[in-house]
Amino acid sequence: MEVKDILKTRRLELNLTLEEVALQVKVSPATISRWESGDIANMRRDKIAALSKALQISPAVIMGWEQPEDNTKAIIDAYNKLSPAAQQRAREYFEDLISNPKNLRNQ
């Protein structure tokens with residue numbers, strides 16, 4: 001996954017708008033959009049640090065030196081540890097979450 005894709009995916013995972021991230025990083029929403037589209041490839045160190053904090057990922061991920069953590073296996077392992085009744089509650093909670101458009105990624 002390219003850095004630009006990591007940035008956008010993470011922002012959407014956190015349900016943050018371009019404006020919200022831009023405020024935290026102290027840049028314009030257009031700058032965030034250009035980072036996410038790959039139009040701007042270079043970032044100043046202070047902006048990498050601020051973006052790292054805003055997106056709750058390491059600077060190494062933003063720099064493309066490390067891949068973002070994939071929590072899928074951990075989630076599946078946790079689900080498999082649950083009793084059948086707790087698994088049912090987890091499925092119901094998940095269905096409730098995805099039924100609300102506010103909880104979905106912007107595609």
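**View 1. Buried residues of helix α2 in the predicted model.** Helix α2 spans residues 18-25, and V21, A22 and V25 are buried in it. Viewed along the axis of α2, these buried residues fall within an arc of 100 degrees, so they line one face of the helix. An α-helix has 3.6 residues a turn, so residues three or four places apart point the same way. The cover over the buried residues of α2 includes α1 (3-13), α3 (29-37) and α4 (45-55). The model is predicted, and its local features are reported for pLDDT of at least 70.

**View 2. The largest nonpolar core.** This core has 18 residues. Within the core, V21, V25, I32, W35 and L51 have the most contacts. Two or more residues each are given to the core by α1, α2, α3, α4 and α5 (59-62). Helix α4 supplies the largest share, 5 residues. In soluble globular proteins, nonpolar side chains tend to be buried together.

**View 3. Surroundings of L51.** L51 is among the residues with the most contacts inside the largest nonpolar core. When neighbours within four places in sequence are set aside, L51 is in contact with L7, V21, V25, I32, W35, M43 and I62. Two of these partners, V21 and V25, are buried residues of α2.

**View 4. Salt bridges involving residues of the first helix.** The structure holds 5 salt bridges. In one of them D5 pairs with K4, with the closest N and O atoms 3.4 Å apart. D5 is partly exposed at a relative accessible area of 30%, and K4 is partly exposed at 25%. In another, the side chains of E13 and R10 meet at 3.1 Å, N to O. Both E13 and R10 lie in helix α1, 3 residues apart, which is about one turn of the helix. E13 is partly exposed, with 40% relative accessibility.

**View 5. The salt-bridge network of R44, D46 and K47.** Salt bridges link R44, D46 and K47 in a network. Between K47 and D46, the closest N and O atoms are 3.9 Å apart. Which of the two is buried, and which is partly exposed? K47 is buried because its relative accessible area is 13%, under the cut-off of 20%. D46, at 40% relative accessibility, counts as partly exposed.

**View 6. Positive phi at K26 and Q56.** K26 takes a positive phi of about 65 degrees just after α2, although K26 is not a glycine. K26 is found in the loop between α2 and α3. With 68% relative accessibility, K26 counts as exposed. Q56 is likewise not a glycine, and its phi is near 55 degrees, a positive value. Q56 is placed in the loop between α4 and α5 and is exposed, with a relative accessible area of 56%. Most residues other than glycine have a negative phi.

**View 7. A nonpolar surface patch.** Y93, F94, L97, I98 and L104 make a nonpolar patch of about 480 Å² on the surface. L104 is found in the segment after α7 (84-99). L104 counts as partly exposed because its relative accessibility is 38%, between the limits of 20% and 50%.

Definitions and conventions. Residues are numbered from 1 along each chain as its sequence is written. This is a predicted model: local features need pLDDT of at least 70, side-chain atom pairs count only at pLDDT 80 or more; totals for chains, interfaces and linings use all residues. Side-chain values use heavy atoms; hydrogens and water are left out. Patches are made of residues with over 30% relative accessible area and no salt bridge: like charges are joined within 9 Å, nonpolar side chains (Val, Leu, Ile, Met, Phe, Trp, Tyr) within 5 Å. Accessible areas come from the Shrake-Rupley method with a 1.4 Å probe; for residues, only the protein chains shown count as cover. A salt bridge is a side-chain nitrogen of Lys or Arg within 4 Å of a carboxyl oxygen of Asp or Glu. Helices (H or I, at least four residues) and strands (E, at least two) are DSSP runs, numbered from the N terminus. Buried means under 20% relative accessible area, exposed over 50%, partly exposed in between (1.4 Å probe, protein chains only). The arc is that of the directions from the helix axis to the C-beta atoms. Contact means heavy atoms within 4.5 Å. A nonpolar core is a set of buried Ala, Val, Leu, Ile, Met, Phe, Trp, Tyr and Cys residues joined through side-chain atoms within 4.5 Å.
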